[in-house]
Amino acid sequence: MMENQFDGPNGGGSFNNHDFMPVDSWRILRIMSEFVESFEDMSQLPERLVAVFGSARTAEDNPDFKSACALGRLLVENGYGVITGGGPGIMGGASKGAFEAGGKSVGLNIELPMEQHPNHYQTNSLSFRYFFVRKVCFLKYSTAIIVYPGGFGTLDELCEVLTMIQTGKINRIPVILVGKDFWSGLLHWFKNVLVKEKTISPADMELFHLVDSAEEAVSYLLMCHRFGFRTTVRQ
């Protein structure tokens, strides 16, 4: 059975009448409205924003959570705001650090059947139905990407960013991976399989930088931005 795409509290009877309006056509309008609303909200925020990706499942007593808290604090202390997915785990840690330091903590929340519960450390909170609209907002308004250990979602976000930079669809910005033990296996595979099989070029291994702490991540970010920063949007 086809999902009811207009079953919200404001949905009129005509929206539920599939004989009256093609469902896919009206879905396009809902997608457009999500882009418009999120762009309007995000455009009002400061430009110096850094996206932090990582697992929603990371417990608060995990060293990675504590590192993400330190990262959020350090970013704010150095004039940046933080964008996360708005959920718990690494996202909650980075949001908490930024919030408690008195900075911007932007949460791009997504509707999911599990895991995603908005954290309480968001100064600005947006809600998305569509993953792809949310990912556009992450990239459009970020001056850097910092990636902590995570699962499929984190890998998806990382690989999309690398693909967009690799193909020249966005300006190059710093992409920083935190956690050498966690990422070393994947990076070894990149180098010894993907490069060897020529599915990526050796130069693609330079699209990201690996560090082992929040302090190293921020130090590298400041070095990259020592002459100024830019967003991903190409003119």
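Which helix is Glu 157 found in? The answer is helix α6, which covers residues 152–166. The model is a predicted one, and Glu 157 is a handy place to start looking around it. With a relative accessible area of 13%, Glu 157 is buried, since anything under 20% goes into that class. Ten residues away in sequence is Val 147, and the C-alpha atoms of Glu 157 and Val 147 sit 9.0 Å apart in space.

Helix α6 also takes part in the salt bridges. The structure holds three of these, and two of them involve Lys 135. One runs from Lys 135 to Asp 156, with 2.8 Å between the closest N and O atoms. This pair links distant parts of the chain: Lys 135 is in helix α5 and Asp 156 in helix α6, 21 residues apart. The other joins Lys 135 to Glu 160, where the closest N and O atoms are 2.7 Å apart. Here again the lysine lies in helix α5 and its partner in helix α6, so parts of the chain 25 residues apart in sequence get tied together. Taken as a set, Lys 135, Asp 156 and Glu 160 are linked in a network of salt bridges.

How open to the outside are the members of this network? Lys 135 is buried, at a relative accessible area of 17%. Asp 156 counts as partly exposed, at 37% relative accessibility, and Glu 160 is partly exposed too, with a relative accessible area of 29%. So the network pairs a buried lysine with two partly exposed acidic partners.

A further salt bridge turns up within helix α3, which spans residues 63–77. Here the side chains of Glu 77 and Arg 73 meet, at 3.4 Å from N to O. Because Glu 77 and Arg 73 are four residues apart in that helix, about one helical turn separates them. Glu 77 counts as exposed, at 51% relative accessibility, given that the exposed class begins over 50%. Its partner Arg 73 is partly exposed, with a relative accessible area of 34%.

Now for the rings. The structure holds nine aromatic pairs. One of them is Phe 35 with Phe 39, an edge-to-face pair with 5.7 Å from centre to centre and 70° between the planes. Both residues belong to helix α2 (residues 23–42), and since they are four residues apart there, about one helical turn lies between them. Phe 35 counts as partly exposed at 22% relative accessibility, and so does Phe 39 at 27%.

Phe 35 also forms a pair with Phe 132, this one tilted, at 6.3 Å centre to centre and 55° between the planes. That contact links distant parts of the chain, with Phe 35 in helix α2 and Phe 132 in helix α5 (residues 131–140), 97 residues apart. Phe 132 is partly exposed as well, its relative accessibility being 41%. These pairs feed into something broader: ring pairs link Phe 35, Phe 39, Tyr 130, Phe 132 and Tyr 141 into a cluster. Helix α5 thus shows up twice in this account, with Phe 132 on the aromatic side and Lys 135 on the salt-bridge side.

That leaves the surface patches. Ile 28, Leu 29 and Met 32 form a nonpolar one, and together these residues have about 280 Å² of accessible area. Ile 28 is found in helix α2, the helix that also holds Phe 35 and Phe 39. The other patch is one of negative charge, where Asp 181, Asp 212, Glu 215 and Glu 216 gather on the surface. Where does Asp 212 sit along the chain? Its place is in the loop between strand β7 (209–211) and helix α8 (214–224). At 44% relative accessibility, Asp 212 counts as partly exposed.

How values were computed:
Residues numbered from 1 in each chain as written. Predicted model: local features only at pLDDT ≥ 70, side-chain atom pairs only at ≥ 80, totals over all residues. Heavy atoms only, no water. Patch = residues over 30% accessible without salt bridge, like charges linked within 9 Å, V, L, I, M, F, W, Y side chains within 5 Å. Areas by Shrake-Rupley, 256 points an atom, 1.4 Å probe, with all protein chains shown as cover. Salt bridge = Lys/Arg side-chain N within 4 Å of Asp/Glu carboxyl O. Lys, Arg positive; Asp, Glu negative; His and termini not counted. Charge placed at Lys NZ, Arg CZ, Asp CG, Glu CD. Helix = DSSP H or I, 4+ residues; strand = E, 2+ residues; numbered from the N terminus. Buried < 20%, exposed > 50% of the residue type's maximum accessible area, 1.4 Å probe, protein only. Phe/Tyr/Trp six-rings, centres within 6.5 Å; stacked < 30°, edge-to-face > 60°.
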